[in-house]
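Please describe the strand pairing, the charged contacts and the aromatic contacts of the model shown below, and state the cut-offs behind each term.

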Amino acid sequence: MPAVFFLFGMSGLEDLGILVSIFFCVIYILAILGNFSITYIIWTHKSLHGPMYFFLAMLAINDLAFSSSTVPKMLGIFWTSDSRIDASSCLVQMFFVHFLSVVESGILAAMAYDRYIAICSPLRYTSILTFIVLERIAASILVRAFLTIFPIPVLVSRLHYCVGDVVLHSYCDHMAVVNVACGDKRVNSIYGLVLSLSITGFDLMFIGLSYMMILQAIFQLPSRNARRKAVGTCGSHICVIIAAYVPGIFTFVTYRFGQKIVPQNVHIFLANIYIVFPAFLNPIIYGVKTKQIRDSALKMLQVKQKMCSQGQKF
């Protein structure tokens with residue numbers, strides 16, 4: 001491997017560079033503040049120490065790490081024009097970008113299972129999803145992500161790089177780095193394709209089956225208010241699924257099959273949206289739609305206002 005790679009950034013958007021960098025910087029800062037707030041609220045309020053909020057805290061922590069794995073370097077390219085990244089750092093970034101993506105998909109599948117138990121077996125909810133079970137689910141999500149993603153940087157490091165060292169991306173995406181190499185790349189390409197289709201396909205199928213059973217249970221509820229309440233408990237999760245999977249699937253399809261249709265700079269822009277936008281949107285969705293989190297946040301603000309007013313008196 002070359003000692004250093006040069007990240008392409010978003011070449012072609014130079015005229016909009018300041019606006020694009022400000023846009024991503026603001027979204028990133030809001031994502032950090034929102035996910036940190038969600039994590040802090042869940043951690044400090046014992047009433048939120050339940051299965052649903054356990055997975056929500058996992059999602060918030062994962063979003064913090066996911067957005068932080070790419071956005072600071074991307075902003076550095078915009079603001080300092082330093083696009084260099086050494087090979088070892090590139091492989092580390094590649095691992096964490098794809099590892100955290102698989103972890104996020106696993107968390108969303110686990111949250112679908114949580115909603116299924118909550119609606120279809122509400123009386124057994126806490127007895128089924130005990131803390132030990134939650135720990136095992138979390139461990140299985142992390143182990144699955146590690147075992148499936150660890151071979152990617154290993155395979156990339158074994159490729160031969162003749163003269164190319166420019167990665168046509170703003171971060172070390174797997175296939176973007178593979179395309180720099182020369183020689184036989186079929187193993188990397190096939191492994192990446194199979195991995196994406198199998199993990200995303202399995203998780204989406206699991207989520208789909210969960211919601212089919214959820215809808216069946218909802219339609220069997222006796223009253224309209226009960227049905228409305230049951231749908232409301234799933235609304236936040238459905239919005240998060242749409243925010244996470246739609247940009248990701250679009251990016252995957254355009255990268256694999258639509259490079260001649262979608263310009264390179266547009267594809268890179270959308271790939272960065274896929275990472276940072278769900279991290280920005282998820283705290284808003286759960287903050288607005290989840291009454292317990294909304295009430296806890298309002299109580300915290302009221303306490304801070306009282307402390308500030310008391311401090312001003314003294």
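A salt bridge is a side-chain nitrogen of Lys or Arg within 4 Å of a carboxyl oxygen of Asp or Glu. The model is predicted, so that local features need pLDDT of at least 70 and side-chain atom pairs count only at pLDDT 80 or more, whereas totals for chains, interfaces and linings use all residues. Residues are numbered from 1 along each chain as its sequence is written, and side-chain values use heavy atoms, with hydrogens and water left out.

**Salt bridges**

The structure holds 4 salt bridges, among them the three in the table, which gives the N to O distance for each pair.

| Basic residue | Acidic residue | N to O distance |
|---|---|---|
| Arg84 | Asp82 | 3.3 Å |
| Arg144 | Asp203 | 2.9 Å |
| Arg186 | Asp184 | 3.0 Å |

The pair of Arg144 and Asp203 links distant parts of the chain, since Arg144 lies in helix α6 (residues 131-149) and Asp203 in helix α9, 59 residues apart. Helices (H or I, at least four residues) and strands (E, at least two) are DSSP runs, numbered from the N terminus. Exposure is described by relative accessible area, where buried means under 20%, exposed over 50% and partly exposed in between, with a 1.4 Å probe and protein chains only. On this scale Asp203 is buried at 2%, while Arg144 is partly exposed at 23%. Asp82 is partly exposed at 32%, and its partner Arg84 is exposed at 51%. In the remaining pair of the table, Arg186 is exposed with a relative accessible area of 57%, and Asp184 is partly exposed with 49%.

**The sheet**

Arg84 also belongs to the strand pairing, where Phe6 stands opposite Arg84 in β2. Two strands pair if DSSP finds at least two bridges between them. The strands form an open sheet of 3 strands in the order β2-β1-β3, with mixed pairing. Both β2 (84-86) and β3 (166-167) stand at the edges, each with a single partner strand, so one side of each is left without a neighbour in the sheet. Strand β1 (residues 4-7) is joined to β3 by 2 bridges, and these strands run parallel, whereas 3 bridges join β1 to β2, which run antiparallel. On the β3 side, Phe6 stands opposite Val166. In a regular strand the side chains alternate between the two faces of the sheet. In β1, Phe5 and Leu7 make up the covered face, and Val4 and Phe6 the uncovered one.

**Aromatic pairs**

Rings of Phe, Tyr and Trp (its six-membered ring) pair if their centres lie within 6.5 Å, and planes under 30 degrees apart count as stacked, over 60 as edge-to-face and the rest as tilted. The structure holds 16 aromatic pairs. In one of them, the rings of Phe36 and Tyr40 have centres 6.4 Å apart and planes at 15°, so the pair is stacked. Phe36 and Tyr40 are 4 residues apart in helix α1, which means that about one helical turn separates them. Phe36 counts as exposed at 53% relative accessibility, and Tyr40 as partly exposed at 41%. Another pair, Phe202 and Phe206, has ring centres 6.5 Å apart and planes at 25°, so this pair is stacked as well. Phe202 and Phe206 are 4 residues apart in helix α9 (residues 186-219) and are therefore separated by about one helical turn. Phe202 is partly exposed at 46%, and Phe206 is partly exposed at 30%. Elsewhere, ring pairs link Phe95, Phe96, Phe99, Phe146 and Phe150 into a cluster.

**A nonpolar patch and a buried arginine**

Patches are made of residues with over 30% relative accessible area and no salt bridge, like charges being joined within 9 Å and nonpolar side chains (Val, Leu, Ile, Met, Phe, Trp, Tyr) within 5 Å. Accessible areas come from the Shrake-Rupley method with a 1.4 Å probe, and for residues only the protein chains shown count as cover. Ile18, Ile22, Val26, Ile29, Leu30 and Leu33 make a nonpolar surface patch of about 550 Å². Val26 lies in helix α1 (residues 17-44) and is partly exposed at 42%.

Arg115, in helix α4 (residues 87-120), is buried at 7% relative accessible area. A polar contact (a pair of N or O atoms within 3.5 Å; within protein, one must be able to donate a hydrogen and the other to accept it, and residues adjacent in sequence count only if both atoms are side-chain atoms) of 2.8 Å joins the side chains of Arg115 and Asp114.
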